[in-house]
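Biologist: Before we talk, could you put the sequence and the model on the screen, so that I can ask how each description was reached?

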Amino acid sequence: MSLQTPTPATTTGLPRLITGGLLRYGLILALIAVFAAFSAATPTFLTLANLQSILVNNFTLLVIVSIAMTFAVASGGIDLSVGTAMDFASFAFVSLVLTGQPVAIAALAGLAAGALVGAFNAFLISGIGVSPFLATLGTLFIGRSVQQLLTNGGNPVYLPPNGVPEAFRFLGHGAIGGFPTPFAIAIVVIAAAAVVFARTRFGRVILSIGIQPGVVRYSGIAAPAHVAVTFILVGMIAAIAGLILTATVTTYIPSSGNAFLLNAIGATFIGTTLSPLGRPNVGGTVLGALLLGIVANGLLLTDLNFYWQQVGTGTLIFAVLALSFINRKAAGSV
């Protein structure tokens, strides 16, 4: 009886275990490492008040905008105007509340403003054929200029302290089932996005467009229409973050939404490291946003110079993405 030649799985078992296991979950390992590092570096990091601050102040808005970005990236594009959708929603919300309109009507107008930004992007991308990068970059610049015109050069719009409706205050500082309202809304957005991608035909088509647009087109599916709906949805989700931001600070500040753009992109692409194919996914985006939120909070507690904080955040993003690249490259070679 002759001896059998060992199979590749046997000879490469250890490398496969390392690349397919530890490196694949580099994002989770990074989360654990960063959490442990800040816990040891500053005694106030692990306090209940600070952990709540991370979830409410550092995580909530970022994860909502990142979920919006996840839809755009999943469709094979990107949306550089998510901050513009936030700002337009915020402006419409505050303006209508100032005129005495019910908070519910003002909030619906804010969502419509975000959807309008998304519809403009959809027209450029699906209607004219402009690339998502260039289309949304143009929307970003146009939106910034429009905000300057609407506010006489960029002046904030304040709600008077005695003129804040209770429903408006509840959106920013209330609680639902013991959870802060903004955080509860973020959980609903996360759950809804997860259901769309995992359980609906629309979600599957969007993911397919991002992976193999040619195959989707030749299968008879109206890819442009799906992409158009996606960018409208992106604008509406970003608008939710704009409403929460406004209700939290009771002020509209022109172009304030753009502060979330780069971190939303970072969280989305960090989240792709959880996918074997490197594709956007809701779970990965949530962990990516949480990682960036923890880093922002921890670096602030260490009193590190603001500019070094940005260096630290960028370095961490590079490290996680590099780990994922090494994983996929090694997995493809075994």
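Modeller: What follows is a set of questions and answers about the words used for this predicted model.

Biologist: What makes up the protein chain, and what share of its residues counts as buried?

Modeller: The protein chain has 15 helices and four strands, and 45% of its 334 residues count as buried. Among the contacts with a separation of 6 or more, 76% are between residues 24 or more positions apart.

Biologist: How do you know what confidence the predictor has in the protein chain?

Modeller: The mean pLDDT of the protein chain is 88, and 89% of the residues reach 70 or more. Residues 1-20, however, have a pLDDT below 50, and this stretch has eleven contacts in the model beyond near neighbours in sequence.

Biologist: How do you know whether the span of helix H12 agrees with its number of residues?

Modeller: Helix H12 runs over residues 223-249, which is 27 residues, and at 1.5 Å a residue it should span 39 Å. The C-alpha atoms at its ends are 40 Å apart, so the two values agree. Just after H12 comes Thr250, which takes a positive phi of about 50 degrees.

Biologist: Why is Ala228 called buried or exposed?

Modeller: Buried means under 20% relative accessible area, and Ala228 has 17%, so Ala228 is called buried. Its place is in helix H12, and, leaving aside neighbours within four places in sequence, Ala228 is in contact with Ala122 and Ser126. The C-alpha atoms of Ala228 and Phe120 are separated by 9.4 Å, although these two are 108 residues apart along the chain.

Biologist: Leu243 is in helix H12 too; what makes Leu243 buried or exposed?

Modeller: With the cut-off again under 20%, the relative accessible area of Leu243 is 7%, and Leu243 is therefore buried. Not counting residues up to four places away in sequence, Leu243 touches Ala89, Phe93, Ala107, Gly110, Leu111 and Leu171. Gly172 is 71 residues apart from Leu243 along the chain, and their C-alpha atoms are separated by 8.6 Å.

Biologist: Why is the pair of Phe93 and Phe168 called stacked, tilted or edge-to-face?

Modeller: A pair of aromatic rings is described by the distance of the centres and the angle of the planes. Rings pair if their centres lie within 6.5 Å, and planes under 30 degrees apart count as stacked. Phe93 and Phe168 are 5.0 Å centre to centre with 25 degrees between the planes, and this pair is stacked. The pair links distant parts of the chain, since Phe93 is in helix H5 (residues 82-98) and Phe168 is in helix H8 (residues 166-173), 75 residues apart. Phe93 has a relative accessible area of 0%, so Phe93 is buried, and Phe168, also with a relative accessible area of 0%, is therefore buried.

Biologist: How many aromatic pairs are there by this rule, and why is the pair of Phe38 and Phe45 called stacked, tilted or edge-to-face?

Modeller: The count comes to six aromatic pairs. The rings of Phe38 and Phe45 have centres 5.8 Å apart and planes at 40 degrees, which is neither under 30 nor over 60, so the pair is tilted. Both Phe38 and Phe45 are buried, and together with Phe35 they form one aromatic cluster.

Biologist: Which residues touch the most other members of the largest nonpolar core?

Modeller: That core has 66 residues, and Val63, Ile67, Met69 and Leu291 touch the most other members. Helix H4 (residues 48-74) gives the largest share of this core, 14 residues. Apart from it lies another core of 16 residues, among them Phe93, Val94, Leu159 and Ala247. Leaving aside neighbours within four places in sequence, Val63 is in contact with Ala186, Ile190, Val286 and Ala289.

Biologist: Where does H4 bend, and which residue with a positive phi follows H4?

Modeller: H4 bends by about 50 degrees at Phe59, and H4 is followed by Gly76, whose positive phi is near 95 degrees.

Biologist: Why is Asn152 called buried or exposed?

Modeller: Exposed means over 50% relative accessible area, and Asn152 has 68%, so Asn152 is exposed. Asn152 is found in the loop between helix H7 (132-150) and strand S1 (157-158), and has a positive phi of about 55 degrees although it is not a glycine.

Conventions:
Residues are numbered from 1 along each chain as its sequence is written. This is a predicted model: local features need pLDDT of at least 70, side-chain atom pairs count only at pLDDT 80 or more; totals for chains, interfaces and linings use all residues. Side-chain values use heavy atoms; hydrogens and water are left out. Helices (H or I, at least four residues) and strands (E, at least two) are DSSP runs, numbered from the N terminus. The expected span of a helix is 1.5 Å times one less than its number of residues. A nonpolar core is a set of buried Ala, Val, Leu, Ile, Met, Phe, Trp, Tyr and Cys residues joined through side-chain atoms within 4.5 Å. Buried means under 20% relative accessible area, exposed over 50%, partly exposed in between (1.4 Å probe, protein chains only). Contact means heavy atoms within 4.5 Å. pLDDT is the predictor's confidence in each residue, from 0 to 100. The bend at a residue is the angle between axes fitted to the seven residues ending there and the seven starting there.
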